[in-house]
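User: Please choose one part of this model and take me through it closely, together with the parts that it leads to. I would like one connected account, with the cut-offs spelled out as you go.

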Amino acid sequence: MTIWPKKFSCNCVCTIRFTLQRTAAGQILKHTMNDFEMPYEVLEFERVLKKPNSDPTGLAGYFSTGEILLTRVPARLDVMGGIADYSGANVCEGVLGRGLAIALQPRTDRTLRIRTMQIGRRSLPVETRIPLDYFETGERPAAYAEVKELCQSMPLSSWASYIGGSIFTLLKEEAVPLRYGFSLLLLSAVPMNVGIGSSATAEIATIHCLQTYLRLNLSPARLAQLGQVAENQVVGAPCGIMDQIAVTSGREGRLIHILCRPGRIMGDVEIPEGTAFAGINSMVKHSVAGPYYTDVRIGAFMGKRIINHHRSRLGQPPVNYLTEVSAADFQSQYRSLLPEKIVGSEFLAAFGSHDDPVTTVQPDGVYRVTGPAAHPVCENERVLAFMQALREACSGDDRALETAGEQMYLAHESYKSNCNLSCEEVDLLVEYVRRRGAAKGLFGAKITGGGSGGTVAVFGRVDSLKREVPLIAQEYNRRTGLVPDVFEGTSPGALQFGAVRYRFGGEGWGSHHETT
């Protein structure tokens with residue numbers, strides 16, 4: 001039996017809490033923070049909820065004694081696939097030990113009161129209120145553009161686009177009448193803009209909590225789709241659906257295989273016994289709403305449009321997703337057709353549209369095409385090779401661990417060379433892992449999510465991660481002056497966790513956990 005250590009530290013540079021116990025048969029036994037079965041964010045909510053009314057750091061001034069509904073969603077670790085999701089690729093994702101809990105209590109007026117609190121460190125809560133009438137134009141739901149402008153009109157409250165936008169999307173898309181508002185409290189252990197799906201975590205937590213309260217019984221696919229719509233239409237980030245599916249349907253102790261055409265769960269992927277994945281935060285902020293990610297996406301869609309134009313001239317049907325093209329065919333048939341770069345106005349004059357509803361080609365913009373188009377085509381095949389290597393490793397072939405890690409290094413190199421979505425700090429972390437290599441039990445590393453900073457995923461043996469990651473963090477700190485966070489562990493996805501209902505009685509707050 002292999003026990004994952006619950007905590008180890010590296011002279012205050014970082015702290016890692018491994019939270020699983022695995023039997024010889026490969027089964028996962030829950031061994032979470034403080035030896036409780038509930039995730040940390042839920043325990044923290046209960047601690048704050050039960051503070052006396054006289055304590056100003058409690059919730060007596062926010063919630064009444066009415067019933068409170070709580071859901072909890074984990075962050076995700078993009079193990080393989082990343083930005084290839086919007087091109088229809090296979091991706092392989094994990095759910096982390098950190099997450100976000102959201103608590104809802106009905107109100108008797110037509111106001112949405114939203115408060116967010118970061119946990120794990122001392123910080124100030126942030127609060128806003130949205131009248132439900134702002135979500136309406138006459139007797140009809142408002143347009144997405146109106147709600148986007150509302151949520152982002154003031155920088156201090158722009159964070160509310162994730163929460164308010166998710167609420168509005170659910171009400172609009174499901175045609176749900178909402179007579180009264182509610183108070184929402186977010187308790188998050190997930191930092192924003194570090195590449196572990198914080199936006200999807202907030203969106204799915206909000207939508208799942210509200211649909212549970214309204215008893216809508218939406219399917220997992222629909223929950224994820226609504227989260228993506230909220231991010232595309234209100235937040236304004238042109239993301240794929242990978243993150244939303246992963247945090248909705250991910251399972252504790254497993255990776256999830258998703259085919260993003262547009263979003264089909266292909267099954268779980270077993271993690272070889274004695275190995276694990278961790279994330280090291282470079283502390284360089286990233287955002288999928290930023291220009292670099294958006295330009296790479298536009299370039300990929302331009303590439304698909306040019307390929308389909310060529311196919312139509314040959315009497316061939318169009319491809320719906322760029323990853324329907326094999327890497328061999330891309331290299332032999334299509335790569336030479338694509339410009340390395342093209343000005344937006346030239347592309348529009350030649351092809352009319354890039355066929356992407358969530359991004360806009362700027363006439364004066366200059367877009368790289370060959371690299372952004374090549375990346376998802378090759379990444380799709382790397383993901384399949386990675387998952388096959390994990391299966392072989394689970395069958396006892398230890399050499400396959402290095403094969404899986406090599407696919408991660410190749411993925412990182414493609415982010416860097418084909419997409420220009422890496423940075424010096426992230427490259428440094430990947431290099432620190434590569435130098436140690438399989439000889440020290442570290443098999444692979446890569447940038448994650450939308451790139452341009454954020455988190456590096458690391459694959460290795462559990463004891464090696466325990467030993468080497470603190471040393472990497474120290475080395476990185478000496479070189480850059482930055483103190484990296486480390487993300488690890490695993491926890492239930494939104495649906496696996498379910499919901500908790502809290503009721504106030506003669507002995508204070510009591511709870512009932514509902515699983516799906």
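Analyst: Let's start at L104, whose bridge partner in β12 is L184. This is a predicted model, in which local features need pLDDT of at least 70 and side-chain atom pairs count only at pLDDT 80 or more, while totals for chains, interfaces and linings use all residues. Residues are numbered from 1 along each chain as its sequence is written, and side-chain values use heavy atoms, with hydrogens and water left out.

L104 also has L69 standing opposite, with L104 itself placed in β7. Strand β7 covers residues 90-106; here strands (E, at least two residues) and helices (H or I, at least four) are DSSP runs numbered from the N terminus. Strands of a sheet pair through backbone hydrogen bonds, either parallel or antiparallel, and two strands are called paired here if DSSP finds at least two bridges between them. Strand β12 (residues 182-188) runs antiparallel to β7, the two being joined by 7 bridges. With strand β6 (residues 68-80), β7 forms 10 bridges, again in the antiparallel sense. A further antiparallel pairing, over 5 bridges, links β7 to strand β13 (residues 255-259); there C92 stands opposite H257 of β13.

How many of the 17 residues of β7 are buried? The count is 14, so β7 is mostly covered, where buried means under 20% relative accessible area, exposed over 50% and partly exposed in between (1.4 Å probe, protein chains only).

Helix α1 (residues 40-49) belongs in the same picture: β6, β7 and β12 are among the elements that cover its buried residues. Others that help to cover them are α14 (494-497), β21 (499-505) and β22 (508-514). Like β7, helix α1 is mostly covered, with 7 of its 10 residues buried. Those are E41, V42, E44, F45, E46, V48 and L49.

From β12 we can step back to the loop between α3 and β12, where V176 is found. V176 counts as buried because its relative accessibility is 17%. Leaving aside neighbours within four places in sequence, V176 is in contact (heavy atoms within 4.5 Å) with L170, L171, L214 and L216. L214 is 38 residues away along the chain from V176, and their C-alpha atoms are separated by 8.9 Å.

L170 and L171 bring us to a pair of helices, since both belong to the α3 side of the meeting with α4. Two packed helices are described by the angle between their axes and the distance between the axes. The axes of α3 (residues 160-173) and α4 (residues 198-213) come within 9 Å and cross at roughly 45°. That makes α3 oblique to α4, because angles under 35 degrees count as roughly parallel, over 145 as roughly antiparallel, 65 to 115 as roughly perpendicular and the rest as oblique. Axes are lines fitted to C-alpha atoms, for helices over the stretch in contact, and angles run from 0 to 180 degrees between N-to-C directions. The crossing of α3 and α4 is right-handed: the near helix is turned clockwise from the far one by less than a right angle, whereas an anticlockwise turn would be left-handed.

Which residues meet between α3 and α4? Y162, I163, S166, I167, L170 and L171 of α3 face S199, A202, E203, T206, I207, L210 and Q211 of α4. By class, this contact has 8 nonpolar, 4 polar and 1 charged residues; Ala, Val, Leu, Ile, Met, Phe, Trp, Tyr, Cys and Pro count as nonpolar, Asp, Glu, Lys and Arg as charged, and the others, Gly among them, as polar.

Two backbone details round off the tour. N217, in the loop between α4 and α5 (220-235), has a positive phi of about 55° although it is not a glycine. N217 is exposed, with a relative accessible area of 70%. P262 sits in the loop between β13 and β14 (264-269), and the peptide bond from R261 to P262 is cis, with omega near 0°.
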